[in-house]
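I opened the sequence and the coordinates side by side and kept notes as I went. The entries follow the order in which I looked things up.

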Amino acid sequence: MDYETPQFFRVMQYAARADRDVVDMVSGNPDWDPPDGLRDGLRDYAEADADEYQYAPSRGLKSLREEIAARRDVTVDRVVVTNGTGEANHLAMTGGLDHFSGDEIVLTDPVYPYYAGRANFLDAETTFVAAGDDGRLDPETVRAAASDETSVIVVNSPNNPTGAIYDADAMAEFVAIAEDHDALLVSDEVYDHFDYAGRFASALEHDSPNVVATNAFSKSMAITGLRVGYAVFPSPDGPSGDLVDRAATRHMLTNVSGSRPAQYAVERALQTTSPEYYAECRRRLERRIDTFCAALDAAGAEYNRPEGGFYVMARFPDFAGSFENVYELVDEAGVAGMPGEAFGESRSDWIRFALVTPRVEEAAERLGNFFE
Ligand SMILES: Cc1ncc(COP(=O)(O)O)c(C=O)c1O
C-alpha cells in the first residue's frame, strides 16, 4: 500500500464529481456545533488588543497549557500545544526515533494511514501488528513484534478505523513493552471523549519516561479546522527529559507558534463547557451507530459495533473494500465510504464509514437497498 499520498481526498473528490446526491461518510469531520464557549471566545478575540494578534508563546498559551496539565494531571512543563494531533504525533514519532536506539516503528494493521505515511517519509522501518477480528490489539502480539530495533510503538484508542478501545490492562502492557525494549509508546488519544463502553484508559495513567500521549480538541469540540492539539511528554527531569525540549524546538522551527485566537477560544471552551456537551455528542453518535448497525444487519454485512470513536467498518458479501467498489457505491448507492485497503492488508475486504453526518439513516437505507 502506498501510504505516502493520503487517499481520503481521492474518494472525496470522486464523490464530489458524481452526478448524483451522495452521503459523504469518508472523512472524520464532525457535523455538529462546537461548544458555545468556543464561539464566544472567537467573538471576543475579534476585539482583542493589537499585541494579542502577535505570536503566541511557541509552546502554547501558558494558561491553556496549565488548563491541559490540570486536566491530564501532569506538570505544565510536559505539555506542548501543537497544530492538532497530527503535529503532536509527528513530534512524538520523530522524537522517539531520535532519542531511542533502532529505526523501527511498530504500527497496527489496520492502521490510521497518516502514521504509516509519516513513518515512510521519516525513512523508518515499519512493522505492522495485526489487530484481532474484533479490532482489539493483543499486547502479546505487540510484544512478539517489538525488538531492539524498535524505537517507537504507536497505539490509538479509541481506534480509527476499528472502533476498538484498549483497556487499562492492555495499556499497561503496551507501556511495559516500550520500557522493556527501550522504546517510546506514542498513544494517540484524540477520540478519548467518544467512549461508549467505559473502557478507555489513557497511557498517562503510567508515569513513564517511555510514554508520550497525543491529543487535540479537533474531535471533542468539533473543531478540526481550528488546529489545536497537544502532546504530553515525559518529565524534563527524567531520563527522557530531552524529548519535550527537542519537540518544542522542532515545533518552533516549523511553525514559530500555533494560532493564538484558536488557543484562546479553546481555553475559554475548556473553562465553560459542561460535561453534558460531551455526553450529548456521545448520545448522538450512539443513536447513529444503532441505526447504521441495524441496516448493516439487514444488508447481511459483517461488522464490529464500535466501542469508541465514530467509524464503523463493514464487510459486505462478495464486495471487497477496494477503491473500485467504493466508487461503485458512490455511483450506484449514493454513499461514500473509505476503502478498507487504505488502512492496510488485513481489512482489504472491508469499507469504513464515518458516522459524522446527520444523514446516517438515509445512508443506511441506501446501502440496504443496494445490497438487497
Ligand atoms: C487517529 C487519528 N489521529 C489523528 C488525527 C488527526 O487529528 P487532528 O485533526 O487533531 O490533527 C485523526 C483524524 O482523523 C485520527 O483519526
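What covers the buried residues of α2? I noted first that I am working from a predicted model. The cover of those residues includes α9, residues 260-272.

**Helix α2.** I then listed the residues in question. In α2, which spans residues 36-45, Gly37, Leu38 and Gly41 are buried. I asked myself why they sit on the same side of α2. Their arc around the axis is only 105°, and therefore they share one side of the helix. The spacing rule I keep in mind here is that an α-helix has 3.6 residues a turn, so positions three or four apart point the same way.

**Domains.** I looked up the division of the chain next. Domain 1 is made of 8-34 + 275-371, and domain 2 of 49-272. I took the distance between their centres over C-alpha atoms and got 26 Å. The contact draws 26 residues from domain 1 and 31 residues from domain 2.

I went through the domain 1 side of that contact by element. Two elements, α10 (275-298) and β10 (311-315), give two or more residues to it. The most come from α10, with four residues. By class, I have this side of domain 1 down as twelve nonpolar, seven polar and seven charged residues.

**The sheet with β10.** Since β10 had come up, I followed it into its sheet. Four strands make an open sheet, ordered β9-β10-β13-β12, with antiparallel pairing. I marked β9 (302-303) and β12 (338-339) as the edge strands, each of which pairs on one side only. As a reminder to myself, strands of a sheet pair through backbone hydrogen bonds, in a parallel or an antiparallel manner.

I looked at one pairing in detail. Between β10 and β13, the latter being residues 351-354, there are four bridges in the antiparallel sense. Met313 stands opposite Arg352 of β13.

**The ligand.** How many residues surround the ligand? I have 13, and the closest are Gly84, Thr85, Gly86, Ala216 and Ser218. I also checked which element gives the largest share of this shell. Helix α4, residues 84-99, does so with three residues. Sorted by class, the shell holds nine polar residues, three nonpolar and one charged.

Conventions. Residues numbered from 1 in each chain as written. Predicted model: local features only at pLDDT ≥ 70, side-chain atom pairs only at ≥ 80, totals over all residues. Near = placed C-beta within 6 Å. Nonpolar A, V, L, I, M, F, W, Y, C, P; charged D, E, K, R; others polar. Domains from an automatic or database assignment. Contact = placed C-beta atoms within 7 Å. Buried ≥ 20, exposed ≤ 12 C-beta atoms within 10 Å, placed from the backbone. Arc of directions from axis to C-beta. Pairing = 2+ DSSP bridges.
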